[in-house]
Amino acid sequence: MLRFLSGLVVVLVFAVVTAPAGRTAQSEELPDGPGKKILLASCTSCHELTEVTKLRGYYTKDDWRDVIVTMVKYGATLNDKESDVLVDYLAANLGKKE
Ligand code: HEC
């Protein structure tokens, strides 16, 4: 029960955080998951999410890893674990189909 409730709270907070920004239409194309949270938290401060989603289908997993390394150089704040989760998420949902 507690687990269910805390899960619900996370979902609600998430909905509140993402809804007013007018980005719901774009972010709805991306399935929920830990990777999406990292993406929204770490990758939308300098540019829109569309900067990332416009590349749907273009990048392989290695390419996405490079992108993240570059963004960290630019100043994105991600630790190694978050980068790994995000690389998997981007490759799975926006990656080039091999
Ligand atoms: C500190 C600011 C900053 C943060 C945070 C940031 N970016 Fe960027 N990003 C940029 C800038 C500046 C550009 C445009 C310059 C360029 O095209 O190289 C860019 C461009 C991009 C592009 C387009 C590259 C291309 O090949 O057209 C992608 C994809 C991208 N960012 C992904 C991400 C992801 C994923 C994250 C989160 C890990 C992220 N960004 C976080 C600054 C940032």
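For this tour, Ala, Val, Leu, Ile, Met, Phe, Trp, Tyr, Cys and Pro count as nonpolar, Asp, Glu, Lys and Arg as charged, and the others, Gly among them, as polar. You're looking at a predicted model, where local features need pLDDT of at least 70, side-chain atom pairs count only at pLDDT 80 or more, and totals for chains, interfaces and linings use all residues. Residues are numbered from 1 along each chain as its sequence is written.

**Cartoon view.** Show the whole protein: six helices and zero strands (DSSP runs numbered from the N terminus, H or I of at least four residues for helices, E of at least two for strands).

**The ligand.** Next, select the 15 residues around the ligand (C-beta, placed from the backbone, within 6 Å of it); Cys43, Cys46, Met71, Gly75 and Ala76 come nearest. By class, this shell has 10 nonpolar, four polar and one charged residues. Colour helix 4 (50-53) and helix 5 (61-74), which each supply at least two shell residues. Helix 5 gives the most, with four.

**The core.** Now pick Ile38, Leu39, Cys43, Val52, Trp64, Ile68, Leu86, Val87, Tyr89 and Leu90, the largest nonpolar core. Such a core is a set of buried Ala, Val, Leu, Ile, Met, Phe, Trp, Tyr and Cys residues joined through C-beta atoms within 7 Å; buried means 20 or more other C-beta atoms within 10 Å of a residue's own, all placed from the backbone. Helix 6 (80-94) is one of the helices supplying at least two core residues, and helix 6 gives the most, with four.

**Last stop.** Click Leu90: leaving aside neighbours within four places in sequence, Leu90 is in contact with Trp64 and Gly95 (backbone-placed C-beta atoms within 7 Å).

Technical notes. A residue is buried if 20 or more other C-beta atoms lie within 10 Å of its own, exposed if 12 or fewer, and partly exposed in between; C-beta atoms are placed from the backbone. Two residues are in contact if their C-beta atoms, placed from the backbone, lie within 7 Å.
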